[in-house]
Every structure is written in C-alpha cells, then in structure tokens.
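Colleague: I would like to go through this model with you, one question at a time. Please show it first.

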Amino acid sequence: MAASPPHPDKSAQRPDASSTWEAPFATSLALTLSSLRHGAFDPTHGVAADGALWRTSLTNDGPASLRFTQTGLHTIRCESWGLGAHAAVDAAPEMVGALDDPSSFLPGDARLSDAHRRWPGLRIPRTGRVLESLIPAVLEQKVISVQATASWRRLVNAYGTPAPGPAPLNMRVVPSTRAWQLIPSWEWHKAGVDPRRAGIVQVCLGLARQLEAATLLSTADASARLRVVPGIGAWTAAEVAQRAFGDADALAVGDFHLAGIIGHSLFGRPLTDEQMVEAMEKWRPHRYRVVRLLEASGTAQKPRHGPKMSFVDHRRH
C-alpha cells in the first residue's frame with residue numbers, strides 16, 4: 001500500500017496510550033499485519049511516510065487507531081489514540097503474534113524449510129475482533145478478491161468513522177454493529193453485494209454478542225460456534241479463525257485456488273480439497289502457517305491452466 005502522510009494538524013499529537021514490549025519470537029510487523037489487510041486500499045490499514053504501520057479497530061471501549069513501530073526482530077512499540085486506545089494497546093501484542101508459538105513447527109520440505117529460515121518473523125496474528133474479520137470474509141464468498149475488497153472499502157468509507165489521532169489520511173474505523181445494521185439495502189447493492197451475502201451479514205450482526213464472545217473459547221469451539229450461523233461454512237470460519245482467533249492450523253478448505261496452489265507448490269500436481277486435507281495432515285497444527293510461508297516466500301504456484309472465477313456485477317440485477 002502506498003505510504004500516506006499523517007494529518008498535518010495532528011502530527012505532534014501525543015498518544016492516549018502506549019506500550020513497548022519484547023516479542024517472545026522474532027517478529028516481522030509487515031508480514032504479520034499484512035494478513036489482516038483486505039486489499040491494497042483497505043481503509044483500516046495504513047503505512048505512514050515514516051514507515052510506521054497503522055491499524056484501526058473498534059474495541060469494546062470505542063474506536064482506536066494503532067501505530068506500530070519496531071526495533072530489531074523483537075522490540076515492538078504500539079501507540080494508540082481514541083476512546084479505545086487503552087484496550088487496543090492491551091490487545092496489540094496478540095495482534096502481532098505474541099501468542100503464536102512456532103517452536104513445534106517441522107517444515108519437512110526443502111521449500112518450506114527455506115521459507116521458514118528466510119522469514120523467521122512471520123507470525124499468526126490474533127485480533128480478538130470477530131466481526132472485523134467475519135464481515136469481509138462474507139463479502140469474499142463466491143466472488144473474486146477485487147470485487148470483495150472494493151465492496152469492503154466502499155462500505156467502510158461510507159459508514160465507518162474517521163480514524164482517531166494522527167493516522168494516515170483517509171483511514172477509517174469499521175462501522176459499529178448498529179451502523180452496519182442500518183445500511184440500506186440499495187447501498188449494499190451499489191457496493192456490489194448481492195442480497196444473499198448482505199443477508200448473511202445481517203444474520204451475523206444479529207448474533208454479534210455471541211460471536212464476539214467466541215474469542216473466549218478454544219479455537220476449535222470458536223470455529224464451531226461460527227459454523228452454526230446460516231451461511232458460514234468451513235471456508236469463512238477458517239478465514240475468521242486465522243485472524244480473530246490466531247489459529248495457525250485454520251486451513252481454508254473450499255477456497256477456489258488453495259488446493260491447486262498447495263498441490264502444485266508442494267507436491268507438483270493438482271489436488272482436490274479432500275486430497276489437500278489429507279496431504280496437509282502431517283503439518284497439523286501449523287497448516288495455515290504453511291500457507292502463509294508459501295505466500296511470503298513467493299513460491300506459491302498456481303496452476304497454469306484451470307477454471308477462473310468471473311467478475312459478477314450484482315449491481316445489474
């Protein structure tokens with residue numbers, strides 16, 4: 001994402017809360033936080049001209065902007081602004097992977113070993129914010145990424161709130177549950193979201209309290225709670241588990257491309273979802289870590305020929 005300058009009239013604004021800590025494992029802020037970004041122009045994710053990484057979040061106490069900087073592989077500082085600043089700083093270590101323990105990961109493959117050696121700072125984040133991952137995941141169902149991220153960007157820009165503090169220009173905090181619920185049907189339509197996905201989002205919003213409380217459960221029980229919701233299947237639950245729950249094993253079964261990528265990257269042949277699950281069993285409980293290492297290293301290979309998802313303009317219907 002292109003770097004953006006901070007608001008000039010707020011550049012010297014002191015944070016409402018801040019903390020510096022030593023990460024238990026080597027950590028790369030850029031790699032770790034990149035999995036939380038939904039598209040190149042996600043209004044909840046920013047990079048400032050000074051290289052600092054920014055995230056926004058809607059905590060239980062209110063909106064917050066978080067500014068992350070790093071010294072070396074272990075020392076990380078977070079500064080935060082807004083009503084939710086203290087809650088955001090408290091949760092920040094988990095957001096950059098403080099609870100992720102890669103010590104039991106055995107690559108068992110030359111390509112993965114090389115990626116693991118080259119990218120020791122890749123961590124699996126845990127935001128603890130379910131709807132912030134669930135809604136964009138629902139928007140990504142059955143459409144290509146560029147459509148989903150455009151829908152997310154339009155809705156957050158229109159119904160979110162300005163990022164507190166000296167965040168890069170145009171950053172926004174996601175809408176509140178009530179604000180999401182009040183978005184008119186025609187606005188979902190203009191954002192390219194069909195009635196099926198918009199309806200699933202509304203069901204999730206009606207269960208917001210129960211879904212957010214899933215962070216108190218084990219990752220298995222939390223994912224099971226998500227899958228009880230109509231319209232939330234294995235793929236969507238995994239997308240949320242990877243981010244909100246910090247689940248390093250959450251394999252997004254049902255992804256349109258993943259089985260092909262895993263198959264060609266690690267086994268030199270195409271795989272079905274069922275074959276992928278069987279082949280990935282030896283990497284449990286680090287299957288999602290394997291996917292992230294392939295992504296980070298640039299060795300993820302897509303089949304040269306195969307089916308492709310089409311752009312579907314729901315606004316014409």
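Modeller: Here it is; keep in mind that this is a predicted model. Let us begin at a turn. The hairpin of β4 and β5 has three residues between the strands. One residue there, G72, takes a positive phi.

Colleague: What value is the phi of G72 near?

Modeller: G72 belongs to the hairpin of β4 and β5. Its phi is positive, near 70°.

Colleague: How many bridges join β4 to β5?

Modeller: The strands β4 and β5 run antiparallel. One bridge pair is L66 with its partner in β5, S80. The number of bridges joining β4 to β5 is seven.

Colleague: And on to β3. Which residue in β4 is the bridge partner of R55?

Modeller: Strand β3 covers residues 53-59 and strand β4 residues 62-71. They run antiparallel, and seven bridges join them. L58 has P63 as its bridge partner in β4. For R55, the partner in β4 is L66.

Colleague: How many residues does the hairpin from β3 to β4 pass through?

Modeller: β3 and β4 are antiparallel strands. The hairpin that joins them passes through two residues.

Colleague: Now the whole sheet. Which strands are at its edges?

Modeller: Five strands form an open sheet, with antiparallel pairing. Their order is β1-β5-β4-β3-β2. Each edge strand pairs on one side only, and these strands are β1 (17-22) and β2 (45-47).

Colleague: What does the twist average from one strand to the next?

Modeller: The sheet is open, and its strands follow the order β1-β5-β4-β3-β2. From one strand to the next, the twist averages 25°.

Colleague: At what angle to β1 does helix α2 run?

Modeller: Helix α2 spans residues 85-95. It lies across β1, β3, β4 and β5. Its angle to β1 is about 20°.

Colleague: Take T44 next. Is it buried or exposed?

Modeller: T44 lies in the loop between α1 (29-34) and β2. Beyond its neighbours within four places in sequence, T44 is in contact with several residues, including W54, R55, W152 and M171. Its relative accessible area is 3%, and the cut-off for buried is under 20%. So T44 is buried.

Colleague: Which side chain does the side chain of T44 join in a polar contact?

Modeller: The polar contact is 2.9 Å long. It links the side chain of T44 to that of D42.

Colleague: On to helix α8. How far apart should its ends be?

Modeller: Helix α8 has 12 residues, 195-206. At 1.5 Å a residue, there is an expected span to compare with the model. The end C-alpha atoms are 16 Å apart, which agrees with the expected 16 Å.

Colleague: Which residues of α8 are buried?

Modeller: The buried residues cover an arc of only 155° around the axis, which puts them on the same side of α8. They pack against α4, α6, α7 and α9. The face turned away carries the exposed residues P195 and G206. The buried ones are R197, A198, I200, V201, C204 and L205.

Colleague: Which residue caps the N-terminal end of α8?

Modeller: Look for a side-chain oxygen 3.0 Å from the backbone nitrogen of R196. That oxygen belongs to D194.

Colleague: Last one. Why is helix α12 largely enclosed by the rest of the structure, and which helices does it pack against?

Modeller: α12 covers residues 258-267, and eight of its 10 residues are buried, so it is largely enclosed. Among the buried ones are L258, I261 and L266. The helix is followed by G268, with a positive phi near 70°. The buried residues of α12 pack against α3, α13 and α14.

Note on methods: Residues are numbered from 1 along each chain as its sequence is written. This is a predicted model: local features need pLDDT of at least 70, side-chain atom pairs count only at pLDDT 80 or more; totals for chains, interfaces and linings use all residues. Side-chain values use heavy atoms; hydrogens and water are left out. Helices (H or I, at least four residues) and strands (E, at least two) are DSSP runs, numbered from the N terminus. The expected span of a helix is 1.5 Å times one less than its number of residues. Buried means under 20% relative accessible area, exposed over 50%, partly exposed in between (1.4 Å probe, protein chains only). The arc is that of the directions from the helix axis to the C-beta atoms. Contact means heavy atoms within 4.5 Å. A polar contact is a pair of N or O atoms within 3.5 Å; within protein, one must be able to donate a hydrogen and the other to accept it, and residues adjacent in sequence count only if both atoms are side-chain atoms. Two strands pair if DSSP finds at least two bridges between them. Axes are lines fitted to C-alpha atoms, for helices over the stretch in contact, and angles run from 0 to 180 degrees between N-to-C directions.
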